[in-house]
Amino acid sequence: MLDPTKLKDWQIAEAAEANAKPIVKVAAELGIKEDEVIPMGRLFAKIDYKKVLSRTASVQKAKYIDITAITPTPLGEGKTTTTIGLVQGLGKLGKKVSGAIRQPSGGPTFNIKGSAAGGGLAQCIPLSSLSIRFTGDIDSITNANNLAMVALTSRLQHESNYDDARLAKSGLKRLDIDPKKVQMRWVMDFCAQSLRNITIGRGGKMDGFEMESGFAISASSEVMAILAVAKDLADLRKRMAKIVVAYSKNGSEVTTADLEVDGAMTAWMLEALNPNLLQTIEGQPVFVHAGPFANIAIGQSSIIADMLGTRLADYHVTESGFGADVGFEKFWNLKCRLSGLTPNSVVIVATIRALKMHGGGSAVKPGASLSKEYTKENLALVEKGCENLLAHIEIVKKSGIKPIVCINSFSTDTKAEIELVKKIAEQNGALCAVSQHWLKGGEGARELAEMVSAVCEEKNNFKFLYDLKTPLRQRIELIAKEVYGAAGVEYMPEALEKAKALEKDPEAQKLGTCMVKTHLSLSHDPNIKGRPKGWTLPIGDVMVYKGAGFIVPVAGDIKLMPGTASNPAFRKIDVDVETGKVKGLF
């Protein structure tokens with residue numbers, strides 16, 4: 001038996017991989033046929049989604065479970081670990097189960113948060129392959145995005161250098177792009193704050209068009225969001241053509257179709273559209289597909305992955321990024337609306353550590369030792385911190401679902417602390433289970449799995465927070481007040497002007513609303529913990545992702561390119577030169 005108290009995650013993964021099932025066997029056990037598997041190695045593969053979905057069109061759909069959380073500490077609360085643990089726990093109950101998680105981004109993997117493949121005895125394997133390049137999906141997204149930027153910047157150069165007659169010889173018409181109104185950015189899959197704001201095109205007229213530009217992280221790209229929401233290749237192709245790259249000097253949209261780059265971008269994404277199949281360390285199937293961040297994007301694994309899981313398994317567990325205010329809200333009002341799937345159960349992950357932080361505990365910082373209040377019993381901090389938990393319970397209940405609170409158990413948790421959380425959760429209309437999946441794997445998640453299985457048999461009253469006919473500013477106010485708990489919303493002048501214009505645009509009225517907000521607080525300020533009241537949500541900008549189908553209001557100071565910390569994870573990652581195996585991942 002592997003002991004996570006003595007072994008690092010990468011050591012557990014390495015040991016588990018040695019005895020893992022061939023991925024073709026994992027696929028066969030899920031009901032995927034041999035000609036539907038595209039092997040990428042012994043332990044992972046891509047799945048021909050089109051063949052599977054065509055073959056299973058009339059199959060009764062699985063029970064659908066979403067995993068969300070309370071407002072996390074900067075260390076995270078083990079949401080992915082809980083997702084994998086629940087999949088393993090349902091497996092222990094003899095259920096035919098699958099999971100779906102987002103693909104880890106190289107930014108967090110080599111920075112602070114680690115690979116997002118689970119942890120302890122609740123992991124998705126192979127860890128190193130998943131964490132470093134994997135099947136190339138993020139590379140494809142990066143290249144497709146940057147090809148659009150190449151098309152844009154070269155067009156700016158040519159329109160600057162040539163008159164209309166010369167442009168016509170190349171079959172081009174002047175788009176008259178405003179270089180100060182470029183919406184898209186270059187992307188890369190690292191946290192590189194020094195590239196947030198750059199000047200490009202320095203040199204002569206043949207070296208490009210000099211302008212201000214910058215990089216975002218690949219996970220924030222609209223192309224990533226499109227991969228997450230596209231239902232098939234035809235849908236992906238249509239969405240690629242609608243991406244608004246910039247605006248002309250008269251205010252008209254300049255799209256990827258206008259730049260005639262949409263077809264080539266789609267070509268980059270052909271293989272990426274097929275979901276990736278891996279397994280837990282206990283051998284259950286897990287789809288890993290798409291990886292948009294939830295605080296700056298939709299925060300969900302792909303609709304295609306969930307469509308496969310709900311067709312092939314009896315229970316399908318999917319993860320939403322960050323807390324219920326961020327990831328679940330987008331699962332609820334965006335992903336479910338687009339996919340047509342509705343959840344049978346929603347799990348809110350909480351830790352005693354995070355509750356103590358929200359109750360007034362000292363700051364939790366990556367790389368720093370926890371203060372003693374986090375390792376000693378402190379019922380007062382836990383009780384006060386449960387105000388944050390209650391906010392997330394209420395968010396889920398507003399969707400018409402009775403939530404299950406999962407206490408992701410740590411060895412420092414005391415019986416009294418756990419019983420207090422259970423009592424408060426149950427008094428406020430939620431169920432509550434303790435899970436030790438990190439320590440014991442699927443066996444440690446039995447209580448949670450049994451509770452989820454029972455709730456899935458009950459009827460619920462799932463409903464969206466708003467109708468698509470609801471005007472944009474009214475939607476934003478609903479999310480701010482009903483989900484975040486704000487007293488109201490205020491707009492910066494430019495954001496207000498954009499919002500009013502979008503409310504008059506018939507096409508924009510059909511788009512969903514994808515909020516950009518910190519995940520570290522219910523409010524827009526990451527430093528405010530607990531359950532803040534009487535505050536106002538500031539909207540500083542409103543972006544449009546027409547390809548993904550979203551209007552994107554930006555609340556607070558959110559960086560589309562995160563920064564690398566002073567003690568990043570890459571300092572501990574290395575390779576064993578004798579075996580060629582990666583070590584140090586977590």
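This report walks through two sheets, a helix, the nonpolar cores and two buried residues of a predicted model.

Residues are numbered from 1 along each chain as its sequence is written, and side-chain values use heavy atoms, with hydrogens and water left out. Because the model is predicted, local features need pLDDT of at least 70 and side-chain atom pairs count only at pLDDT 80 or more, while totals for chains, interfaces and linings use all residues.

## Two open sheets

Some terms come first. Helices (H or I, at least four residues) and strands (E, at least two) are DSSP runs, numbered from the N terminus. Two strands pair if DSSP finds at least two bridges between them. Contact, or touching, means heavy atoms within 4.5 Å. Axes are lines fitted to C-alpha atoms, for helices over the stretch in contact, and angles run from 0 to 180 degrees between N-to-C directions.

| Sheet order | Number of strands | Pairing |
|---|---|---|
| 7-12-13 | 3 strands | antiparallel |
| 20-22-23-21 | 4 strands | mixed |

Take the sheet 7-12-13, which is open. Its edge strands are strand 7 (177-182) and strand 13 (253-255), and each pairs on one side only. From one strand to the next, the twist averages 50°. Strand 12 (residues 244-248) joins strand 13 in the antiparallel sense over 3 bridges. Here Tyr247 stands opposite Glu253 of strand 13. Helix 7 (residues 137-161) lies across strand 7 and strand 12. Its direction runs at about 140° to strand 7.

The sheet 20-22-23-21 is open too. Strand 20 (488-491) and strand 21 (512-513) form its edges, each pairing on one side only. Strand 21 pairs with strand 23 in the parallel sense over 2 bridges. Thr513 stands opposite Ile551 in strand 23. Helix 20 (residues 493-503) packs on this sheet and touches strand 20, strand 22 and strand 23. The helix makes about 55° with the direction of strand 22.

## Nonpolar cores

Buried means under 20% relative accessible area, exposed over 50%, and partly exposed in between (1.4 Å probe, protein chains only). A nonpolar core is a set of buried Ala, Val, Leu, Ile, Met, Phe, Trp, Tyr and Cys residues joined through side-chain atoms within 4.5 Å.

The largest core has 134 residues. Ile32, Phe287, Leu389 and Phe550 have the most contacts inside it. Helix 7 gives the largest share of this core, 8 residues. Another core, of 22 residues, lies apart from it; among them are Ile101, Phe110, Ala117 and Val288.

## One face of helix 1

Helix 1 (residues 9-18) has these buried residues: Asp9, Trp10, Ile12, Ala13, Ala16 and Glu17. Seen down the axis, they fall within an arc of 155°, so they line one face of the helix. The arc is that of the directions from the helix axis to the C-beta atoms. Their cover includes strand 5 (118-119), helix 6 (127-131) and helix 17 (437-440).

## Two buried residues

Lys546 sits in the loop between strand 22 (536-545) and strand 23 (550-555). Is Lys546 buried or exposed? It counts as buried, because its relative accessibility is 16%. Leaving out residues up to four places away in sequence, its contacts include Glu222, Glu253, Asp505 and Glu507.

Met211 lies in strand 10 (residues 211-213). Met211 is buried, with a relative accessible area of 5%. Beyond neighbours within four places in sequence, its contacts include Thr153, Leu156 and Pro179. The C-alpha atoms of Met211 and Pro179 are separated by 6.6 Å, though the two are 32 residues apart along the chain.
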